[in-house]
Amino acid sequence: MQKPVLQVEGLSMDFGGIRAMCELDLDVHQGQIVALIGPNGAGKTTFFNCVTGIYNPTEGNVFLNPPDGSRPIRLNGLKPNQVTKKGMARTFQNIRLFQKMTVLENVMIGRHCRTSSYIFGAVFKTRATRREERETVEKSYRILQQVGLADTVNELAENLPYGAQRRLEIARALATEPFLLLLDEPAAGMNPQETHELDELIKQIRDDGHSILLIEHDMKLVMSLSDKIYVVDYGKKIAEGSPREVSSDPAVIKAYLGEDIDA
Amino acid sequence: MEYFTELFFSGLTRGSIYALIALGYTMVYGIIGLINFAHGEIYMIGAFTSFVVATVLSIYGFPLLSIVLLAGLAAAVWSASYGYTVEKIAYRPLRHAPRLSALISAIGMSIFLQNYVLLAQSSEFQPFPELIPDFDFMEPFAHVVGSSDLVILLTTALVMVGLTMLIKFSRIGKAMRATSQDRTMAMLVGIDVNKVISVTFIIGSALAAIGGMLIASHIGQINFFIGFIAGIKAFTAAVLGGIGSIPGAVLGGFVLGLTESFATGYVSSDYEDVFAFTLLVLILIFKPAGLLGREAAEKV
Amino acid sequence: MLSIEQLKKSLFVSLWFAFLTFPLLVIKVDPIERTVQWRWENMALVAAGSFLVSLLVRVFQVQQERRRERRATGEFVDRVPIMQIILSEPRYLYTLSGAVLLCSLVFPFLFSTYQTNIMITALMYVMLGLGLNIVVGLAGLLDLGYVAFYAVGAYSYALLNYHFDVGFWMALPIGALLAALFGVLLGFPVLRLRGDYLAIVTLGFGEIIRLILENWNEFSEGPSGISNISRPGFFGIELSLEHAILYLYYLMIAMVVFTIFVVNRLQDSRIGRAWVALREDEIACQAMGIDKRKTKLTAFALGATWAGIVGVIFAAKTTFINPASFTFLESAIILCIVVLGGMGSIFGVIVGALILILLPEYLRALSDYRMLAFGAVLVTMMIFRPQGVVANIRRSYQFKSKAEGEG
């Protein structure tokens with residue numbers, strides 16, 4: 001069997017003596033949608049930050065195994081921009097768009113790590129730069145069409161409605177050409193209609209050949225999308241398995257509904 | 001050895017003044033996360049106010065002790081008023097604006113105040129009246145430590161003890177600590193955050209004013225430009241100790257004062273200000289959290 | 001329009017300022033002659049002035065509030081500012097640029113040498129502003145020691161000319177390179193600092209450079225400076241002063257056009273977008289695969305390069321330089337140009353430089369109040385119009401209904 005595209009082994013993270021995450025193992029296989037769920041403050045976003053290089057994990061290993069079969073990459077100690085370049089992109093729980101830039105430019109920024117023109121090219125508009133710019137614009141536009149934002153290309157990101165901003169975050173991450181996409185609560189603050197569209201979008205992204213790891217609180221969405229679910233609480237993994245297995249796991253029920261369920 | 005002792009005491013004196021100004025930077029930074037660039041000018045305004053008041057009173061023939069007290073009081077009151085006003089005009093409207101905006105506003109305020117004093121008073125150096133007499137009992141030690149050094153050290157020590165008590169035990173002190181921990185939360189539990197911020201500016205400014213008066217009478221002259229250099233140095237002291245930390249500001253002030261004193265005494269006096277700047281650049285590069293500060297990770 | 005309540009508030013503000021400015025504006029002592037001068041007229045002026053300003057601010061706020069309400073109900077539609085229309089429509093923009101260029105080309109023939117000389121200074125500040133605009137306006141890095149790079153440029157030429165008789169055209173690229181090198185040397189360690197620390201470190205760096213120039217006599221001749229620097233050569237011909245100024249003027253026009261061209265190209269490029277993104281959100285930027293340090297360093301070094309170029313020109317123009325030309329206030333003026341004009345906006349920076357440099361020149365009576373006004377401008381702009389006089393507009397792209405893109 002092929003190695004998982006994302007392989008996390010015994011990941012721990014301490015903040016000033018407090019263990020926010022404890023020896024977490026997690027695998028994402030090619031073409032899968034994997035969900036990471038758990039109550040607020042369980043350490044899910046910390047996990048994302050450790051994996052993507054924003055935090056440097058205290059212990060453990062993170063490996064990427066590119067689906068094209070090239071050599072495994074150890075991510076520990078890499079900077080966020082290097083991680084992205086290796087083929088893993090993310091979105092943020094609190095939307096972090098470039099507010100004063102247009103929708104199209106936001107996505108074009110995602111192309112940054114796949115393009116190379118620099119000062120010389122920019123000033124003299126060499127043929128290579130012009131071709132690259134044209135490609136950047138075209139690809140970005142195509143991604144915006146895919147997420148349904150093609151009508152707002154020249155709007156400033158800050159002027160978009162909330163749901164559209166979330167989709168723009170996904171578009172921006174897709175522009176970095178990742179094989180693995182990390183979505184941090186993509187449905188937060190969305191209405192049922194928007195959530196439904198998001199469901200379709202994520203499936204479509206998966207069908208395009210991306211693997212997806214997502215953090216989400218909307219259980220309906222998680223159950224509909226996921227091939228596998230990991231449940232964490234207090235920084236520890238308390239369950240993993242298919243949606244059906246997880247939803248009937250007593251530990252999970254306890255974590256979500258509290259200790260005194262019988263009382 | 002005598003030279004060493006002399007440098008040591010002059011370093012302590014300098015350091016205590018830096019500490020007094022640094023407290024204002026550190027308190028403001030702790031609460032609103034802004035480098036109050038205008039703080040050096042508030043210090044200068046304090047020094048100038050005490051200069052004006054002391055000179056007027058001495059011309060009208062008031063006794064020395066009353067001059068000292070009234071000039072000090074005036075310096076503290078007016079500096080505090082300036083600090084309060086600056087916050088209200090230049091910083092409060094920008095509290096939710098990008099960091100860069102507040103910073104630019106602060107720099108603008110600093111330039112404005114400097115030139116305001118230049119135009120309102122004079123561009124020349126002014127002789128500052130001697131407010132601290134040479135005490136007789138200090139006579140035997142006068143070659144290593146002067147009377148004004150002693151007064152400065154005692155005053156700063158007193159002020160710092162007072163400030164520590166205030167922050168530790170008073171209601172407003174507790175509110176200040178709460179606000180610097182988490183402003184939103186403080187607001188939710190019913191603390192009037194605007195008031196706390198105003199009080200912080202008022203206290204910080206009054207401390208700077210006292211520092212300004214002491215050092216001006218120690219050096220014996222004053223000019224509109226003194227706030228700029230003193231401001232940067234006090235900021236260096238605050239960063240050195242760990243910005244946001246009150247004991248850190250005091251420690252940083254003394255470390256900087258002693259470093260400067262020994263460096264100018266043993267290395268070269270031409271580069272007096274270069275030492276402070278170099279120290280600042282080095283700390284920021286190698287230990288940006290300072291000696292007593294905490295490393296703060298940005299929330300993602 | 002304003003209630004009695006608000007008048008009362010303004011009255012209170014005016015009393016407060018009268019109190020605030022009392023010791024410094026009213027009393028003036030002469031410690032040597034031992035005389036006291038009471039200038040009560042200043043208090044009256046401050047009271048009246050602050051009352052008026054406070055009223056104006058209140059009127060402004062009321063209007064803003066109304067406009068916001070009407071906008072919410074859809075009654076009021078924002079008019080697009082005329083500048084915005086001109087800048088976003090290439091036809092108008094080219095016409096305007098052409099007209100401005102034409103005016104500036106005939107300028108020396110319409111005005112005196114003295115005016116031309118002032119214009120050269122203004123153009124130098126346009127270039128400095130555009131250079132700093134890359135650092136502050138685009139990349140969002142508050143550089144308060146920009147003048148240090150300007151000094152590096154000026155002193156490179158002055159010293160090379162003094163010791164080795166190096167000509168202007170040789171020194172121009174050398175000065176630019178040295179300034180860029182200094183930019184990289186300073187930027188490398190400090191660019192990982194947070195924004196406000198960066199501001200202070202660059203400020204300190206600017207002062208260190210100045211203090212070294214002032215004290216290291218063997219190297220820089222100390223406070224007395226270096227004189228008799230050669231003017232720019234013109235194919236080996238010795239020019240009269242008048243012609244030299246004319247020559248310098250056209251040189252400056254060419255340099256400014258070149259600068260605008262470069263900055264404009266950079267702004268809409270891959271690297272320019274990365275700068276703006278970095279200004280907006282560093283963490284998101286890194287998560288998009290942008291190397292934060294490299295990108296910042298590029299902006300920093302490019303900004304420094306421009307300061308270096310202008311430094312060389314400055315030394316050649318005045319033929320004399322000393323450390324007094326490179327104080328923090330100089331950095332503050334350049335920052336003020338960028339902020340007033342509009343951060344990130346090329347056209348804005350040009351307008352800002354012309355206003356801030358030419359206005360005090362022609363209103364001599366007010367020139368004492370220049371720095372005071374600069375400080376006030378920085379604060380006021382941040383509070384009421386942070387985008388500057390001429391706001392930067394993002395480039396827009398047109399698409400056909402197909403996935404075909406065209407610039």
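# Exercises on a predicted model

Buried residues make up 52% of the 407 residues in chain C, and the structure to which this chain belongs is a predicted model. The exercises below begin with chain C and then turn to the surface, to a helix and its neighbour, and to salt bridges.

**Exercise 1. Describe chain C by its secondary structure and its spans, and then place Ile393(C) within the chain.**

Step 1. Chain C contains 17 helices together with four strands.

Step 2. The C-alpha trace of chain C extends over about 85 × 75 × 50 Å when its principal axes are followed.

Step 3. Ile393(C) belongs to the loop that runs between helix H17 (370-384) and strand E3 (398-399) of chain C, and its relative accessibility of 31% makes Ile393(C) partly exposed.

Step 4. Although 306 residues separate Ile393(C) from Leu87(C) in sequence, their C-alpha atoms are 8.1 Å apart in space.

**Exercise 2. Find the residues of the nonpolar surface patch, and state which helix gives the most to it.**

Step 1. The patch is made up of Tyr60(B), Phe62(B), Leu70(B), Leu73(B), Val77(B), Trp38(C) and Trp40(C), which together have about 700 Å² of accessible area.

Step 2. The element that gives the most to this patch is helix H3 (residues 64-91) of chain B, with three residues.

Step 3. On the side of chain C, Trp38(C) sits in strand E2 (residues 35-38), and Trp38(C) counts as partly exposed because its relative accessible area is 35%, a value between the limits of 20% and 50%.

**Exercise 3. Locate the two charged surface patches, and decide for one residue of each whether it is exposed or partly exposed.**

Step 1. Positive charge gathers on the surface at Lys125(A), Arg127(A), Arg130(A), Arg131(A) and Arg134(A).

Step 2. From this patch take Arg131(A), a residue of helix H5 (residues 127-147) of chain A; with a relative accessibility of 46%, Arg131(A) is partly exposed.

Step 3. The patch of negative charge consists of Glu130(B), Asp134(B), Asp136(B) and Glu139(B).

Step 4. From the negative patch take Asp136(B), which lies in the loop between strand E1 (126-127) and helix H5 (147-169) of chain B; its relative accessibility is 69%, so Asp136(B) is classed as exposed.

**Exercise 4. Compare the span of helix H9 of chain B with the expected one, and explain why the helix is described as largely enclosed.**

Step 1. Helix H9 (residues 226-241) of chain B consists of 16 residues, and the distance from its first C-alpha to its last is 23 Å, which is close to the 22 Å expected at 1.5 Å a residue.

Step 2. Since 15 of the 16 residues of H9(B) are buried, the helix is largely enclosed by the rest of the structure.

Step 3. Immediately after H9(B) comes Gly242(B), whose phi is positive, at about 110°.

**Exercise 5. Name the loops in which Glu177(A) and Thr319(C) are found, and give the phi of each residue.**

Step 1. Glu177(A) occupies the loop between helix H6 (162-174) and strand E7 (180-184) of chain A, where its phi is near 55°, a positive value in a residue other than glycine.

Step 2. With a relative accessible area of 38%, Glu177(A) is partly exposed.

Step 3. Thr319(C) is part of the loop between helix H14 (292-318) and helix H15 (328-341) of chain C, and its phi, in a residue other than glycine, is also positive and near 55°.

**Exercise 6. Trace the salt bridges of Glu240(A), and then examine the pair Arg92(B) and Glu87(B).**

Step 1. Over all chains the structure has 23 salt bridges.

Step 2. One of them joins Glu240(A) to Lys228(A), with the closest N and O atoms 3.0 Å apart. Glu240(A) is in strand E10 (residues 236-241) and Lys228(A) in strand E9 (residues 228-233) of chain A, so this pair ties together parts that are twelve residues apart in sequence.

Step 3. Glu240(A) also meets Lys237(A) in a salt bridge, at 2.9 Å from N to O. Partly exposed are Glu240(A) at 38% relative accessibility, Lys228(A) at 23% and Lys237(A) at 28%.

Step 4. In chain B, Arg92(B) and Glu87(B) form a salt bridge whose closest N and O atoms are 2.9 Å apart; here Arg92(B) is partly exposed, at 22% relative accessibility, whereas Glu87(B) is buried, with a relative accessible area of 0%.

Step 5. A network of salt bridges links Asp14(A), Arg19(A) and Glu59(A).

Conventions:
Residues are numbered from 1 along each chain as its sequence is written. Chains are lettered from A and ligands numbered from 1 in the order in which they are written. This is a predicted model: local features need pLDDT of at least 70, side-chain atom pairs count only at pLDDT 80 or more; totals for chains, interfaces and linings use all residues. Side-chain values use heavy atoms; hydrogens and water are left out. Patches are made of residues with over 30% relative accessible area and no salt bridge: like charges are joined within 9 Å, nonpolar side chains (Val, Leu, Ile, Met, Phe, Trp, Tyr) within 5 Å. Accessible areas come from the Shrake-Rupley method with a 1.4 Å probe; for residues, only the protein chains shown count as cover. A salt bridge is a side-chain nitrogen of Lys or Arg within 4 Å of a carboxyl oxygen of Asp or Glu. Lys and Arg count as positive and Asp and Glu as negative; His and the chain ends are not counted. The place of a charge is taken as NZ of Lys, CZ of Arg, CG of Asp or CD of Glu. Helices (H or I, at least four residues) and strands (E, at least two) are DSSP runs, numbered from the N terminus. Buried means under 20% relative accessible area, exposed over 50%, partly exposed in between (1.4 Å probe, protein chains only). The expected span of a helix is 1.5 Å times one less than its number of residues.
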